[in-house]
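Colleague: Hi! Could you walk me through this one while I have it open?
Modeller: Happy to, just fire away.

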Amino acid sequence: AHTPDPRIKLFIAGDDSEKPRYLARAAALGISQRVVFGGFRRDVAPALAACDVFLFPSHYEAFSLATIEAAACGLPILANEINGTEDFVQPGLTGEFLPREPEAIARLLESFAGQPEKCLAMGANARKLVAREYTWDHIADLTEQAYAWFADHQTRSPSPSIAWFATKGTGTNEAFRLRELLSRVSPANELHFNKSSKLSSLRALLGELEAERPSLVVMEGTGIAGGLPCLLARMLFGIRYVVSSGDAVGPFARAHHPVLGIAFEIYERLLCGFSAGFIGWTPYLAGRALAFGAPRAMTAPGWTLGGAASTAREPHARKDALLVGLVGSLDWAPRQQWCYGMDLVRAARRLLRTDLHVVIIGAGSGVEHLKRAAGPLLDVRIFIPGPVALSEVVSTMSEFDVASLPQSVDGVGSYRYTTKLPEYAAAGLPIITNQTPMSYDLGAGWMWRLPGDAPWKEEYLDALTELLETLTPDLIAEKRAHIPKLDALFDREAQIERVTGFINDILLSMKPEAHAPSKS
């Protein structure tokens with residue numbers, strides 16, 4: 001153990017609520033006569049002036065005013081290297097930084113106890129430094145200079161530039177959505193993206209990002225041909241990016257190929273983790289992105305894209321028939337042998353009633369599969385007329401009595417609202433769907449939640465067939481009466497305003513760190 005130096009006395013000033021405990025400790029060490037507790041004091045300067053050195057072994061300080069006061073009283077400062085002290089403790093001139101071990105601190109104190117001239121010289125240097133750098137007038141001048149410098153930099157710095165693109169391709173609904181969301185963020189430049197030529201789009205996109213060096217790039221979708229250039233631009237050029245998405249890409253890829261799904265799960269985590277922010281079409285997706293490391297996230301669930309309600313009926317359907325319909329992308333999923341509308345076709349083939357018609361509107365690789373599945377009921381009680389213009393979507397939907405919006409109750413469907421939800425609501429349609437989070441959060445009595453993990457499973461098909469067989473105008477009217485007002489959730493103006501604030505806040509947080517004016 002270290003032998004105490006009898007020349008050293010410790011004077012402690014401040015709150016002495018722990019005084020009894022420390023007195024007992026001093027007595028146990030046999031140094032009671034050399035430890036003095038001064039209590040709380042207002043005469044700080046005289047108390048400091050009675051000392052030879054200032055010992056400050058604090059492990060954390062926001063800014064150590066006590067050490068400034070001690071230096072102003074001409075004491076050498078012995079302190080830990082923490083916030084503030086590193087600015088004025090100059091080892092060998094104004095004091096010393098403390099070692100972490102108590103015995104090493106004791107030896108340092110002994111070196112000062114044996115050299116009173118060292119205390120005086122270091123104390124004089126500390127007083128001069130404080131008198132030069134830490135007066136009210138000098139600090140006020142520095143503060144004014146800093147504000148003036150930042151104001152000048154803010155004025156003269158160029159406006160941040162925004163680049164954006166949609167992985168579904170230029171001219172798609174997704175591109176239209178993102179253009180609208182960024183319409184009040186200026187300037188916002190669209191980058192060309194061709195979904196049918198992903199490899200060349202990947203190369204071209206990375207080249208454009210390298211050449212233009214935008215402040216921020218916003219991507220609608222999570223396709224790897226768009227996400228990989230964003231990741232590379234982030235790593236190679238320091239370009240930050242924001243992702244907007246309506247799907248969980250990892251589970252979506254896993255639904256098509258289990259092994260490929262693992263790679264896409266990793267990709268999705270990297271895409272979120274390196275992003276500057278995430279815009280989810282649902283709160284579930286925003287939460288997923290935050291869990292994957294996105295620094296911030298928000299929800300923008302979409303809005304009705306165009307058109308108005310109509311009272312016309314599908315021309316091939318009987319006037320007295322109930323119409324159950326669907327509008328969507330009819331892309332075929334080989335693994336599930338399914339696309340949107342296939343559940344309606346299969347259920348319709350089982351029906352005994354003849355006064356219920358099915359209308360499936362859209363385009364995609366699943367159209368021929370649907371027509372073959374419809375068999376002799378095609379153009380009799382099952383109609384597949386093809387796509388409609390964007391401006392006619394809501395009008396077409398309003399011809400239905402009931403809308404179909406099936407989702408899988410898994411990592412794909414459970415995260416979604418789908419783009420058609422606000423349009424079905426705008427058309428005043430009750431909805432047939434699955435037991436996904438959406439159906440509980442937004443259902444409010446206007447949705448039929450059918451059992452079954454997926455619309456291609458027998459449990460769902462049996463429940464759908466039973467519902468269609470017993471569906472009546474009165475049941476539909478009862479559901480229609482419970483359609484909620486979703487204007488706030490799916491309001492275009494509100495979403496644009498929120499996204500504008502989100503992007504602007506990201507841009508402000510990304511401002512390049514500038515070198516502040518020197519203190520000297």
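Modeller: Keep in mind that this is a predicted model. A good place to start is helix 11, whose buried residues pack against helix 12 and helix 13 (283-291).

Colleague: Which residues of helix 11 are buried?

Modeller: Those are Val-249, Gly-250, Pro-251 and Ala-253.

Colleague: And at what angle do helix 11 and helix 12 pack?

Modeller: The angle is about 170°, and the axes are 7 Å apart. For reference, helix 11 covers residues 249-256 and helix 12 covers residues 258-273. Since angles over 145 degrees count as roughly antiparallel, helix 11 is roughly antiparallel to helix 12.

Colleague: Nice. Which residues make the contact?

Modeller: On helix 11 the contact uses Val-249, Gly-250, Pro-251, Ala-253, Arg-254 and His-256. Helix 12 contributes Pro-258, Gly-261, Phe-264, Glu-265, Tyr-267 and Glu-268.

Colleague: What's the mix by class in the contact of helix 11 with helix 12?

Modeller: Six nonpolar, three polar and three charged residues.

Colleague: Let me pick on Glu-265 in helix 12. Is Glu-265 buried or exposed?

Modeller: Glu-265 counts as buried, because its relative accessibility is 16% and the cut-off for buried is under 20%. Setting aside neighbours within four places in sequence, Glu-265 is in contact with Gly-250, Pro-251, Arg-254 and Arg-288.

Colleague: What about Arg-254, where does that one sit?

Modeller: Arg-254 is in helix 11, and at 35% relative accessibility Arg-254 counts as partly exposed. Again leaving out neighbours within four places in sequence, Arg-254 is in contact with Gly-261, Glu-265 and Arg-335.

Colleague: How far is Arg-254 from Arg-34?

Modeller: Their C-alpha atoms are separated by 73 Å, with the two positions 220 residues apart along the chain.

Colleague: OK, and the loop leading into helix 11? Where is Asp-247 exactly?

Modeller: Asp-247 is in the loop between strand 9 (240-245) and helix 11. Asp-247 is partly exposed, at 27% relative accessibility. Not counting residues up to four places away in sequence, Asp-247 touches Thr-222, Leu-285 and Arg-416.

Colleague: What's the distance from Asp-247 to Ala-289?

Modeller: C-alpha to C-alpha, Asp-247 and Ala-289 are 11 Å apart in space and 42 residues apart in sequence.

Colleague: Switching topic: how many residues does helix 5 have?

Modeller: Helix 5 (residues 102-113) has 12 residues. From the first C-alpha to the last, helix 5 reaches 16 Å, close to the 16 Å expected at 1.5 Å a residue.

Colleague: Which of the residues in helix 5 are buried?

Modeller: Ala-104, Ile-105, Leu-108, Leu-109 and Phe-112 are the buried residues of helix 5. They cover an arc of only 145° around the axis, so they are on the same side of helix 5.

Colleague: Why would residues three or four places apart point the same way?

Modeller: An α-helix has 3.6 residues a turn, so residues at that spacing point the same way.

Colleague: Makes sense. What covers the buried residues of helix 5?

Modeller: The cover includes strand 3 (54-56), strand 4 (77-79), strand 5 (95-97) and helix 6 (116-133).

Colleague: And how do the axes of helix 3 and helix 6 cross?

Modeller: They cross at roughly 115° and come within 7 Å, with helix 3 covering residues 65-72. Helix 3 and helix 6 are therefore roughly perpendicular to each other. Ile-68, Ala-71 and Ala-72 of helix 3 meet Gly-123, Ala-126, Arg-127 and Val-130 of helix 6. By class, the contact of helix 3 with helix 6 has five nonpolar, one polar and one charged residues.

Colleague: Now backbone angles. What is phi of Arg-213?

Modeller: Phi of Arg-213 is near 50°, a positive value in a residue other than glycine. Arg-213 is in the loop between helix 9 (198-212) and strand 8 (216-220), and is partly exposed at 43% relative accessibility.

Colleague: And phi of Gln-337?

Modeller: Near 55°, which is positive in a residue other than glycine. Gln-337 lies in the loop between strand 12 (322-327) and helix 14 (342-350), and is partly exposed with a relative accessible area of 43%.

Colleague: Last one: is Thr-436 buried or exposed?

Modeller: Thr-436 is buried, with a relative accessible area of 1%. Thr-436 is in the loop between strand 16 (431-434) and helix 18 (437-441). Not counting residues up to four places away in sequence, Thr-436 touches Gln-407, Ser-408, Val-409, Gly-413 and Ser-414.

How values were computed
Residues are numbered from 1 along each chain as its sequence is written. This is a predicted model: local features need pLDDT of at least 70, side-chain atom pairs count only at pLDDT 80 or more; totals for chains, interfaces and linings use all residues. Side-chain values use heavy atoms; hydrogens and water are left out. Axes are lines fitted to C-alpha atoms, for helices over the stretch in contact, and angles run from 0 to 180 degrees between N-to-C directions. Helices (H or I, at least four residues) and strands (E, at least two) are DSSP runs, numbered from the N terminus. Angles under 35 degrees count as roughly parallel, over 145 as roughly antiparallel, 65 to 115 as roughly perpendicular and the rest as oblique. Contact means heavy atoms within 4.5 Å. Ala, Val, Leu, Ile, Met, Phe, Trp, Tyr, Cys and Pro count as nonpolar, Asp, Glu, Lys and Arg as charged, and the others, Gly among them, as polar. The expected span of a helix is 1.5 Å times one less than its number of residues. Buried means under 20% relative accessible area, exposed over 50%, partly exposed in between (1.4 Å probe, protein chains only). The arc is that of the directions from the helix axis to the C-beta atoms.
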